[in-house]
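Colleague: I would like to learn how to read a model like this one. Could you walk me through it feature by feature?

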Amino acid sequence: MAVRCGNNQEVIYEAMRQVLAARAIHNIFRTTEAHLMVTSSSLRLIDPQTQVTRIGFQLKEVSQFAAHQENGRLMGFVVEGRDWSDENEEGEPSFSAFVFESNTEGEKICYTINLAKEITEAKKDPDALAQLMKNMPLTNDGKFLLLEPETGDSNSGEGQEDLESEA
């Protein structure tokens, strides 16, 4: 949903409220399932059946993210885009809020997005990246940060730090 600004978490909470109200009004109880992959460069929603990316965002375009204060399963983020309709050279900034209901706590997903942003910043300084990686709980191969205990089933909302590839 379009929102007015991208520097305030309140727009995420308002988008959550409006989405939940619209679902209740229209009796929408089932939603489309997707897996959220968080890398150090992007966020991607992946179809769990086909493994095809439905939509992706560059991490640098994500200006805000937040978990719902009362419903721990809800989280959202704001993406900054550009409106080129005015034929302005730089385009006017436009903001869209995306709201999700997850099997994983929203706070954990927000933590992963924040960590991905920290990794992106730390990549500019090899010493900072080494220090960050040393303090991060990763899987044995050093590529994945698991939000839930490993059970063999793939879980919606698992985070991945993209250090080598996005494959």
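Modeller: Gladly; we will take the cores, then the salt bridges, the pocket and a few loop residues.

Modeller: This is a predicted model, in which local features need pLDDT of at least 70, side-chain atom pairs count only at pLDDT 80 or more, and totals for chains, interfaces and linings use all residues. Residues are numbered from 1 along each chain as its sequence is written, and side-chain values use heavy atoms, with hydrogens and water left out.

Colleague: Let us begin inside. Which residues have the most contacts inside the largest nonpolar core?

Modeller: In soluble globular proteins, nonpolar side chains tend to be buried together. A nonpolar core here is a set of buried Ala, Val, Leu, Ile, Met, Phe, Trp, Tyr and Cys residues joined through side-chain atoms within 4.5 Å. Buried means under 20% relative accessible area, exposed means over 50%, and partly exposed is in between (1.4 Å probe, protein chains only). In this model the largest such core has 17 residues, and L43, F77 and I113 have the most contacts inside it.

Colleague: Which elements give two or more residues to this core?

Modeller: They are the strands β2 (35-38), β3 (42-46), β5 (62-67) and β6 (74-83), together with the helix α2 (106-122). Helices (H or I, at least four residues) and strands (E, at least two) are DSSP runs, numbered from the N terminus. The largest share, 4 residues, comes from α2. Apart from this core lies another of 11 residues, among them V3, Y13, M16 and V78.

Colleague: What does F77 touch beyond its sequence neighbours?

Modeller: Contact means heavy atoms within 4.5 Å. Once neighbours within four places in sequence are left aside, the contacts of F77 include I12, L43, F57, V62 and F65. Q64, S96, A97, F98 and F100 are also in contact with F77.

Colleague: Now the charged side chains. How many salt bridges are there?

Modeller: Side chains of opposite charge can pair when their charged atoms come close. The rule for a salt bridge is a side-chain nitrogen of Lys or Arg within 4 Å of a carboxyl oxygen of Asp or Glu. By that rule the count is 5. One of them joins E101 and R23, at 3.3 Å from N to O. E101 lies in strand β7 (residues 92-101) and R23 in helix α1 (residues 10-25), so this pair ties together parts that are 78 residues apart in sequence. E101 is partly exposed, at a relative accessible area of 39%.

Colleague: Is D47 buried or exposed, and what does its side chain pair with?

Modeller: D47 is buried, with a relative accessible area of 15%, and its side chain meets R54 in a salt bridge of 2.7 Å, N to O. R54 is partly exposed at 39%. Another salt bridge links K124 and E121 at 3.2 Å, N to O; K124 is exposed at 62%, while E121 is partly exposed at 49%. Salt bridges that share partners also join R23, R73 and E101 into one network.

Colleague: How should I read the pocket, and which residues lie nearest its centre?

Modeller: Rolling a probe the size of a water molecule over the atoms shows where empty space is left. On a 1 Å grid over the protein atoms alone, a pocket is an open set of points where a 1.4 Å probe fits, with protein on both sides within 12 Å along at least five of seven lines; lining residues have an atom within 4 Å of a point. The largest pocket holds about 680 Å³ of space, a volume being the space filled by probe spheres set on the points, which are joined across faces, edges and corners. Its lining has 22 residues, and T31, T32, E33, F100 and E101 lie nearest the centre. The elements α1, β4 (53-58), β6 and β7 each give two or more residues to that lining.

Colleague: Finally, the loops. Which residue in the loop between β3 and β4 has a positive phi?

Modeller: Q51, found in that loop, has a positive phi of about 60 degrees although it is not a glycine. Q51 is exposed, at 54%. V52 is placed in the loop between β3 and β4 too, and V52 is partly exposed at 49%. With neighbours within four places set aside, V52 is in contact with L45, I46 and D47. N27, in the loop between α1 and β2, has a positive phi of about 55 degrees and is not a glycine; N27 counts as exposed at 53%.
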